[in-house]
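Here's a walk through the packing, the spaces and a few backbone oddities of this one. Have the 3D view open as you read.

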Amino acid sequence: MAELAWTIPLWPLLGWLLLGVAGGRLPRPLPGVLASALVGVAFLASVAGAATYPGTPQARTLSPWIAAGAFRADVALLVDPLALVMALVVTGVGFVIHVYSIGYMADDPRAATYFAYLNLFTAAMLLLVLARNLLVLFVGWELVGLCSYLLIGFWFTRERAAAAGRKAFVVNRIGDAAFLLGVLLLWTQAGTLDLAALNARAEMLDPSLVFSAGVLLFAGATGKSAQLPLYTWLPDAMEGPTPVSALIHAATMVTAGVYLVARLYPLFAHPGTLAVVGTVGALTALFAATVALREWDLKRVLAYSTISQLGYMFLALGVLAPSAGIFHLTTHAFFKALLFLAAGSVMHAMHDVIDMRRLGGLWAPLRVTALAFLVGALALAGVPPFAGFVSKDLILERAWEHALAGGGLVAGLLLAMGVLTAFVTAVYITRAALYTFAGALPPDAHPHEAPPVMTVPMGVLALLSVAGGVLGARWAGAPLLAALAAVFEGALGHAAPAHAPLGLLVPALSTVVALGGLATGWWLHRDRREPALGWFGRAAEQHWGLLPLYDGLLVPAARRAALLLAGPVDQGVVDRAVNAVGGAAVAVAGALRRLQTGYVRQYALLLLAGTILVMAYWVVR
Amino acid sequence: MTVPLAYYLVLGAALFAIGMTGVLVRRNALVVFMAIELMLNSVNLTFVAFARALGTLDGQLAVVFTIVVAGVEVVVGLALIVEIFRARRSVNLDEVHLLRG
């Protein structure tokens, strides 16, 4: 049974191959059913791997890959509790979303292609989380980026979708460049790319090197996980099909950055790196939450919410609470995927209307969807006993402990930003729920509830969003945290908290904050009101100055630089150099071709002359 | 009575020069071909002469090799000449210069 764990990424890969070759010829629901079934098998393999996990990390080399001098990288997998948790989330949530997609993409003529991409994505993501060395991880990292690009631009005939795909690709490239630099730095300085070996050697390396490598890798994570300053691609990525937003841009791919930091936690456990990670995370969490307050597109609200919650996870990583971060990653995958699927169901019922100003009153006709959204919203807002409450509460508690344990002013600020974010989160999700489901129906709308193939997946995720907190609840023994403790004990061993337990202080605080946020949201937006919020509202609309900075300065500058490189530099210098080499060859050949007269006897004469010359040279010498 | 080595070498050189002149001055492909054969065999003669003078087999080996190659070459060369003759009713080499650059 334990051997099954090594096959986890192969099932969706098989699905990609089958659907890629023959998907177009299969009758209608079959591509989706096949894709879902194979992800289901991968989920069962993950469950089997988790059930038979022997207690120590297992490694397996599938095939040799690169061996050049001292450099060695194999296609090798690593199974430990962290990898298994990620594999379970990817395949579990992935399976549910695959099933939902069967209904959502039922009328799309390119559904087979869609499922092939979705399966390839799942395989790549599994390769990423199960990789044993950084290079294989990087391959998975780039492959999920490719699938993200393909799926954002899935409806590429729409200019906006194609542009969004390009944007995601380009912005990610910036982060990936830093990531690659980090990998190279680690290889040259640590002499290995094996994840376990890197973690083991982290203590012995030069601290400044550990810091630079950590910051470079984290810069890669800010691209993939849409953190400041590379967050801009994720809201645009909502142009893709909604299940894609749920799977790739909420539950799995965007969490790759969090996973990367957690995977190399001993390397990141340098105080400077952690301060960077925690600060960027907390700033992003608060920033994106405020931006979500002023957004009208329901899916973009959820996108900013995802950015914000990812910031929360990085905040957890920054305050020495990696288990809490991974726990929040897990619960967030449940409730954010649920919110996206509910939003997809709204789009399905309203013929792709997603602007909240044109929605409303959907509570009555879409009862199941509305309930699902409500559960997701309460979980996101952090209302007990929903899953989001347990994980968010744990992060705040750890941030508090970190501040008490000598984290200083920075830790205090992180905590304050975390609490504030929790409040704003409750406000914006209440706003979104009110605009979408409360009030009166738009006059010309005749929405119908989605078919069971879409509502049942929402039900499953709703159940997980309600009960998922059990995985990390203290009264339940916190099985997830206990399993992860072994992974992180090496990095956290020297940082055991020495202070009085906080008791119910933090849970009470976060409950009050969440309920206060819900009440504020209701009060602000009751009867579809949109208060201007003064300078705060204007600042949020302008992304606190980042929007003018990006759209007014950086993007035009980059575009001009690209045009300069493409025109004068590429065509003017590179192409002309290449053409000149070709022209020279033509000119030389034009001169030499006169020798070729076609008269055989003339060739013979030349041969004789040459022979005589050579012999003369021998004689004279 | 043995013939001295120099005789063979002079004969070989003379045959080679005759062959070479034939290649250079004649226009009939068949004659040029025969002249080439003459050159090949003049070299063969030189080879065996040296082989005998030096008491080794190397020269004879080379000669056997040359004879085989020459035989093959005759097959290809004559076939080409026959084909050219069929196409043009003439085997004048100066009329066959389509490969001019």
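The largest pocket in this predicted model has a volume of about 1000 Å³. Of the 30 residues lining that pocket, K167(A), V171(A), T232(A), D551(A) and V555(A) are the closest to its centre. If you want to find it on screen, those five are a handy selection to start from.

Which helix gives the most to the lining of the largest pocket? That's helix 22 of chain A, with nine residues. Helix 22 spans 546-592, and the other helices of chain A that each supply at least two lining residues are helix 6 (159-190), helix 9 (233-236), helix 14 (298-318) and helix 21 (534-541). As for chemistry, the lining of the largest pocket divides into 19 nonpolar, nine charged and two polar residues.

Now for the enclosed space. The structure holds one cavity of 30 Å³ or more, and the volume of the largest cavity comes out at about 40 Å³. Its lining is made up of G145(A), S148(A), Y149(A), A168(A), F169(A), N172(A), R173(A), D176(A) and K224(A). Helix 6 of chain A turns up again here, giving the largest share of the cavity lining with five residues. Helix 5 of chain A also supplies at least two residues of that lining, as helix 6 does. By class, the cavity lining has three nonpolar, three polar and three charged residues.

Next, the helix pairs. Two packed helices are described by the angle between their axes and the distance between the axes. Here are three pairs in that form.

| Helix pair | Axis distance | Crossing angle |
|---|---|---|
| Helix 5 (134-152) and helix 8 (207-224), chain A | within 12 Å | roughly 20 degrees |
| Helix 14 and helix 15, chain A | within 9 Å | roughly 175 degrees |
| Helix 1 (5-25) and helix 2 (29-54), chain B | 8 Å | about 165 degrees |

Take helix 5 and helix 8 of chain A, whose axes cross at roughly 20 degrees. That angle makes helix 5 of chain A roughly parallel to helix 8 of chain A. Helix 5 passes helix 8 in a left-handed crossing. From helix 5 of chain A, the contact uses W141(A), V144(A) and G145(A), while helix 8 of chain A brings G220(A), A221(A) and K224(A). Sorted by class, the residues of this contact are three nonpolar, two polar and one charged. Two of these names should ring a bell: G145(A) and K224(A) are also among the residues that line the largest cavity.

Helix 14 and helix 15 of chain A cross at roughly 175 degrees. These two helices of chain A are therefore roughly antiparallel to each other. Among the helix 14 residues in the contact are L298(A), L302(A), T306(A), Q309(A), M313(A) and L317(A), and the helix 15 residues they meet include P322(A), L329(A), H332(A), F335(A), F340(A) and M347(A). The residues of this contact divide into 15 nonpolar, six polar and two charged.

Over in chain B, helix 1 and helix 2 pack at an angle of about 165 degrees. That makes helix 1 of chain B roughly antiparallel to helix 2 of chain B. The crossing of these two chain B helices is left-handed. Their contact has 19 nonpolar, five polar and one charged residues.

Last, the backbone. Most residues other than glycine have a negative phi, and most peptide bonds are trans. With that in mind, three spots in chain A deserve a look.

Where does P229(A) lie? P229(A) sits in the loop between helix 8 and helix 9 of chain A, and the peptide bond from L228(A) to P229(A) is cis, with omega near 0 degrees. The peptide bond from P384(A) to P385(A) is cis as well, with omega near 5 degrees. P385(A) is in the loop between helix 16 (367-381) and helix 17 (387-437) of chain A.

The third spot is H351(A), a residue other than glycine with a positive phi, near 55 degrees. H351(A) is in the loop that runs between helix 15 (322-349) and helix 16 of chain A.

Terms used: Residues numbered from 1 in each chain as written. Chains lettered and ligands numbered in written order. Predicted model: local features only at pLDDT ≥ 70, side-chain atom pairs only at ≥ 80, totals over all residues. Heavy atoms only, no water. Axes fitted to C-alpha atoms, helices over the stretch in contact; angles between N-to-C directions. Helix = DSSP H or I, 4+ residues; strand = E, 2+ residues; numbered from the N terminus. Parallel < 35°, antiparallel > 145°, perpendicular 65-115°, else oblique. Left-handed = near helix turned anticlockwise from the far one by under 90°. Contact = heavy atoms within 4.5 Å. Nonpolar A, V, L, I, M, F, W, Y, C, P; charged D, E, K, R; others polar. 1 Å grid on protein atoms, 1.4 Å probe; cavity = no way out; pocket = protein on both sides within 12 Å on 5 of 7 lines; lining within 4 Å. Points joined across faces, edges and corners; volume = space filled by probe spheres on them.
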